[in-house]
Every structure is written in structure tokens, then in C-alpha cells.
Amino acid sequence: MAIKTEPFVINIGPVHPSTHGVFRMRATLDGEVILDMEPVFGYLHRGIEKLAEGRTYTQNIPFTDRLDYLASMSNNLAYVMAVEKLAGISIPERAEYLRVIMAELQRIASHLIGVGAFLNDCGAFMTPFLYMFREREKILDLFEMVCGQRLTYNYMRIGGVSQDIPEEFLPALDKFVRQMPSFIDEYDQLLAENEILLARAKGVGILPKELAISISASGPVLRGSGVKWDIRKADPYSVYDRFQFDIPIGSTGDTYDRYWVRIQEMRQSVRIIKQAMEQLPPGEVLTEVPHSLHPPVGEVYGHIEAPRGELGFYLVSDNSIAPYRFHVRPPTLINLTALRDMMIGWKIADAVIIFGSIDICLAEVDR
Amino acid sequence: MTLALSGEDVAAKLEPQFPGSIIESRGNNLLVKSESLFDLASFLKTAPGLDFDYLTSITAVDYYDYFEVVYHLTSIKHNHSLVVKTRCYGRDNPTVPSVVSLWRGADFQEREIYDLMGISFDGHPNLKRIFLWEGFQGHPLRKDYL
């Protein structure tokens, strides 16, 4: 006699170690196999877009720190660049270079968390995560030197950056960029050919190239699927066109490729920082911008390649001191569109690592 | 550099196919009638030379008299971009056609606009609130929501 079975629904999250914040996956299962999955979010919705419409352009910079708090520098950069485009402000060259250095350091720090948390999800509990934290700590020390903060930096300003780097910064940065490649080699030694990681991640949660484009994926999720698309190259901003670097891409679009792309991007970021240090010009770091900035009537869409994908700010100005509309294009919310497609047919243990491979930050998803 | 296509050039390509559906073209913007938005969008996505395969972002702005829905389109193939806008009127049930069947990336973004701005997307497969809970009154991003 056949056993009668029926699918059942379980909630993974909102509070669960593998959801990286408050996120819920409402999964329909047949035994261990996922038949359907609905992501549920909004637990961290703070209404930042609405709040920003009531504050001046400068007052909104700290809000951007609190979007993707693992990549605050990148958020700062995307926002101030959008405002500068809107108001037609040009900034000193030294500030451009400092911004690039900070953004690339931030990419390394963010990928370290992304990869570390992904490996946590794979079951390598805490060991690789703490290896990665060792290096991230050094980046946070560097950030602390320049702005006194270790998480929400609020370092960039409309017109440049808040202050020049202190004397001890460049020697410390130099030491870091000389050490970092050997640390990445160490990760590769431990992980790249690790049998358990390959068995868990290779071929799992495949996101085909066409689907990745259709769902508007960006960042390592898009490039893991083999699409050579990086805003730094496709639409160069700041001074990125002066540096040489490659865009690593994956071949199959599985979870391993997304992991691999992040590791390679860290190597490229180190390359960019080295070049930026060599070219760093002397001079001012902040142009004078009126205290109550009111940009001319108009609108702007500014975007950058943040660690997690294309971060865009759509601002509408009505010539007042606050933006009329402040919209964030959140890369991780849009990357999550692919989650259901990637998960269906896989087991619940794989669901955790497929989700981890997207590397989301709920504060940005929910805003 | 991503080339921002001129709205006028694109309008000239669209006009013979969709007479009267383009209201205005300025800079790299194209303002179109909401009735013809879906047909125009599918043309923009597939027409050779345009190939807007990537929907970068959708958002909406409340201008009191009307809502403007803004689509940022990009072509990864040709590395160019275009901004398409459409307007919908009335505050009770403003509606525009959904583009989820063209670009799946519109799914969560249209739900977000529905949730926070209160614009319905005709043809969306799963139009419900995304951040706020079912039963929440009002749409916070509207200008008259205080």
C-alpha cells in the first residue's frame, strides 16, 4: 500500500541563524524537497525614503549608512555622487581618490562578511568566519583612523569627504594591501578545492544567465552567472577609468561561482587600491558647498557598483532644501527575486546555502 | 560609458509603430501614455538596436495631480540606457500595466510601489503589500500621508 503524503509548509525565520537578519522563507516541502518558497520581509522597514523627504540633502547622508550597514562607505558614495550630479558640483581630485580607496576597502570588508557567512551556512561553523574577521578588523581600524567610526562612517560629504586622511593612514594601508593577497591565498588553500565545499556548493542553486538578466540581478549574483557587467567598467564613475582591473565572472551560475567571484573581486580591489595609492594627488578634499543646498528643479539617477550590486539613488528636486523624492534602488532586494527559482527542487539544507550565496543585508532590503 | 539615448531619437523610432502614444520626449526621457506602456515596453525590449534587456529600476513619484511611474531601462548588449515615464491619475485607484511578464525584476519593485505609493499594476501575478502588513491603512510615500 502506498503511503499517502502531502506537502506541508514551514517557516524558516524570521529569527533564524541562517537568515542573516529578520527574514522569513515560507517554504512548501515534500519531505525534504522544496516545492515552493515565498520570501517574506519588511520586518526592518523604517521608512527611510519617507524620512529622507523631510530632511536636507546633507542630513540624509547618515541615513544611507543605515541601509546596507556592511557597506556604509559605498552607500555614502552613491548618495553624495547622485546629489553632486543633481546640483552640478565637482569635487577635488584628492577626494575622488580617497573615495575610491574607501569604497574598495569597503568592498573587501563586505565580501569578507559575505563569504564568511556563506561558509557558516555551509556548515563550516565560525572557523572561516573568524579568519575573515581577522582581516575585516584591519579595514575597520583604517576606517576608524579616517572618520572615528567602525560601522556607520558618515565619511563622505557633498563636495568631497569630511576630512583628509591622518598621517598614519597611508603606512597602515600600505601594510594592509601588501598582506591581503597572502591572506586571500590562505583562504584559497583552505577552501577553493575543499571537498566538502565543492560537494555542497558546486552545481547547487543554478541561476542561468538569461534569468539573471531578466530578474535585474546585479553584482556578484549577476557576474556569477557569467554576465560581464560591472558599473565600474560599464559606466565608469569617479576616477575608476584610471585604474586597471578585471571583472571576474563565473561559468555556471551556481552558489560556488558566486562565492568564487567574491574572492576574485577582493584581489581586484587590492589592485585598485594599490594604483590609487600611487596616483593619490595632494590638495583639498572638500569643496565649499552652501549650507542649505538647494539643487535646481530636476531629477537624477546615480548608480555605483556597491559590493552587493548596483546601488542607485533616484532623487527629484523641487529647488527646496530637501529632496522631493528619495528612492533607493536596493541591489539585494532585487537579487532576492531569483531566490524562489534557485531553490525549487533543492533540499532544505541547500536552501540555506543558496540564500547565503546571494549575500543580502536586510537593512537595505527593507529600508 | 553607458550611453544615455536621446528620447527624441527613440521617439522617432517608436512613432510609426505606435502613433500618438508618446506624449513628450526630453533629454533621455520619454513620457508615454499608460495605455500603450506595455506594448511600447515590449517593443523596446526586443527591437534590434534597442534591446533593452535589463530593467534597472522602477519607482514612482507623487506630484499631487498625478503619479509618475519611472522606468530606468538598460541594454547590457549595447550598453545604453533610457528613462521611460508614464502617468496615472486619480488617488483612489491609480493603475498602470505591469511589466513583470517582460522583466521579472519588476516583481518586487512593483509590489513596493503598490505598498508604499498605492499604485496598482494591472497583470501583476502577486500584487500584495511587501513591507507593510495586510490591513495597514494608507500608503506612506504619498505626499498627503503625514
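# Two chains and their contact

Reader: How many residues of chain A are in contact with chain B, and how many on the other side?
Author: This is a predicted model. In it, 27 residues of chain A are in contact with 24 residues of chain B.

Reader: Which elements of chain A supply at least two residues each to that side?
Author: There are helices and strands in the list: α1 (48-52), α8 (209-214), β7 (309-317), β8 (325-329) and α12 (331-335) of chain A.

Reader: And which gives the most?
Author: β7(A), with 4 residues on the side of chain A that touches chain B.

Reader: How does that side divide into nonpolar, polar and charged?
Author: On the side of chain A that touches chain B, 12 residues are nonpolar, 8 are polar and 7 are charged.

Reader: Back to β7(A). What sheet is it in?
Author: An open sheet of 3 strands in chain A, ordered β6-β7-β8, with antiparallel pairing.

Reader: Which strands stand at the edges?
Author: β6 (298-306) and β8 of chain A. Each has a single partner strand, so one side of each is left without a neighbour in the sheet.

Reader: What does the twist average?
Author: From one strand to the next, it averages 10°.

Reader: How many bridges join β7(A) to β8(A)?
Author: The two strands run antiparallel and are joined by 5 bridges. As an example, Y314(A) has H327(A), in β8(A), as its bridge partner.

Reader: Which helix lies across β6 and β7 of chain A?
Author: Helix α3 (residues 72-87) of chain A does. Its direction is at about 150° to β6(A).

Reader: Change of topic: the largest nonpolar core. Which residues touch the most other members?
Author: A78(A), V83(A) and A212(A) do, in a core of 150 residues.

Reader: Which helix gives the most to this core?
Author: Helix α4 (residues 93-122) of chain A, with 16 residues.

Reader: Take A212(A). What is it in contact with, leaving aside neighbours within four places in sequence?
Author: The contacts of A212(A) are L207(A), A217(A), V221(A), L222(A), S225(A), V227(A), G253(A) and A338(A).

Reader: Now chain A as a whole. How many helices and strands?
Author: Chain A has 15 helices and 8 strands. Its radius of gyration is 21 Å, close to the 21 Å that the globule rule gives for 367 residues, so chain A is as compact as a globular protein of that length.

Reader: What box do its C-alpha atoms fill?
Author: Roughly 80 × 45 × 35 Å along the principal axes, for chain A.

Reader: What share of chain A is buried?
Author: Buried residues are 53% of the 367 in chain A. As for contacts in chain A between residues at least 6 apart in sequence, 70% join residues at least 24 apart.

Reader: And chain B, what is its secondary structure?
Author: Chain B comes to 3 helices and 8 strands. From the N terminus on, the order is β-α-β-β-α-β-β-β-β-α-β. The radius of gyration of chain B is 15 Å, close to the 15 Å that the globule rule gives for 146 residues, so chain B is as compact as a globular protein of that length.

Reader: What are the box and the buried share for chain B?
Author: The C-alpha atoms of chain B fill a box of roughly 45 × 30 × 25 Å, along the principal axes. Buried residues make up 42% of its 146 residues.

Reader: What about contacts in chain B with a separation of 6 or more?
Author: Residues 24 or more positions apart account for 44% of those in chain B.

Key: Residues numbered from 1 in each chain as written. Chains lettered and ligands numbered in written order. Predicted model: local features only at pLDDT ≥ 70, side-chain atom pairs only at ≥ 80, totals over all residues. Core = buried A, V, L, I, M, F, W, Y, C linked by C-beta atoms within 7 Å. Buried ≥ 20, exposed ≤ 12 C-beta atoms within 10 Å, placed from the backbone. Contact = placed C-beta atoms within 7 Å. Nonpolar A, V, L, I, M, F, W, Y, C, P; charged D, E, K, R; others polar. Pairing = 2+ DSSP bridges. Axes fitted to C-alpha atoms, helices over the stretch in contact; angles between N-to-C directions. Rg over C-alpha atoms; globule rule 2.2 N^0.38 Å.
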